[in-house]
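Q: Please take a close look at the pockets of this protein, with attention to what lines them.

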Amino acid sequence: MEAAARWLEMLDQLPNGRRVLIAIDEFERLQDLFPGSRQEFLQLMGLFRATIQHRRGVRLLVSGAAPFDELDGVWDDHFISARQIKLPFLNRETSVGLLLQPAPDFPSGAIPVEVAEEVYRRTGGQPFLLQVFGSLLVGRLNDEKRQVATIDDVQAVEGRAIEWAETYFRDAYRSAPPAVREALARLIQGGTADITPLARRWLTQRYLLTPDDRLSIPLFGAWIEHHALV
């Protein structure tokens with residue numbers, strides 16, 4: 001910790017006004033790096049807090065799926081002055097636009113609007129899942145030497161899309177409390193009643209629940225149906 005503090009001090013004094021951004025992904029797992037040693041974890045958190053408050057040339061960016069208020073209170077205590085920015089899924093217009101024209105030289109019409117709309121419906125605009133479907137659809141067209149995708153192609157690649165997203169789905173499901181898992185089971189069966197406040201909040205925080213109480217990513221529901229609940 002002493003060496004880390006000296007390193008951060010050095011970064012804070014870089015010439016010409018240079019600034020450093022330290023990015024930490026999946027921050028909610030950070031505590032797992034210190035099994036049985038909470039004191040060391042608290043020392044690290046204290047170092048982060050001092051950096052946030054006193055280092056002008058160093059900034060911290062932590063990203064993850066869980067908000068601070070779902071975690072150990074130590075996060076709120078040490079990141080009290082941090083600004084929280086929520087990143088929702090992509091909306092329909094953006095999702096469809098990316099699928100129709102992912103790059104300037106992408107062939108116009110290769111992914112028709114109705115195909116893009118179906119991919120958006122299945123993914124809810126989740127960026128990673130959109131990318132997975134786009135890659136699989138283009139790969140299928142190349143393999144079959146075709147120029148235009150169809151709705152049937154979306155259905156044909158869905159199984160592989162679920163395989164590609166296995167880690168994402170499994171992590172989301174395993175991290176869900178029992179009440180959320182029960183709610184997910186009801187949602188994939190078409191039910192919406194009796195979603196507990198805890199489950200509703202957990203799902204809403206992760207953009208997995210639509211305003212009319214439907215699962216926002218039907219593809220996640222397909223994974224649950226065939227993997228988690230069998």
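A: Strands, such as β2, are DSSP runs of E with at least two residues, and helices are runs of H or I with at least four; both are numbered from the N terminus. The model examined here is a predicted one.

The largest pocket holds about 1800 Å³ of space. Its lining is made up of 46 residues, and those nearest the centre of the pocket are F27, S63, G64, A65 and A66. Four elements each give two or more residues to this lining: the strand β2 (58–63) and the helices α6 (127–143), α8 (166–174) and α10 (197–205). Among the contributors to the largest pocket, β2 gives the most, with six residues. By class, the lining of the largest pocket comprises 25 nonpolar residues, 13 charged residues and eight polar residues.

The second largest pocket encloses about 460 Å³. Lining this second pocket are 23 residues, of which T210, R214, L215, S216 and P218 are the closest to its centre. Here the elements that supply two or more residues are α5 (113–123), α9 (178–188) and α11 (218–228). The largest share of the second lining comes from α11, which provides four residues. P218, one of the residues closest to the centre of the second largest pocket, lies within the range of α11 (218–228). In terms of class, the lining of the second largest pocket consists of ten nonpolar, eight polar and five charged residues.

Terms used. Residues numbered from 1 in each chain as written. Predicted model: local features only at pLDDT ≥ 70, side-chain atom pairs only at ≥ 80, totals over all residues. Heavy atoms only, no water. 1 Å grid on protein atoms, 1.4 Å probe; cavity = no way out; pocket = protein on both sides within 12 Å on 5 of 7 lines; lining within 4 Å. Points joined across faces, edges and corners; volume = space filled by probe spheres on them. Nonpolar A, V, L, I, M, F, W, Y, C, P; charged D, E, K, R; others polar.
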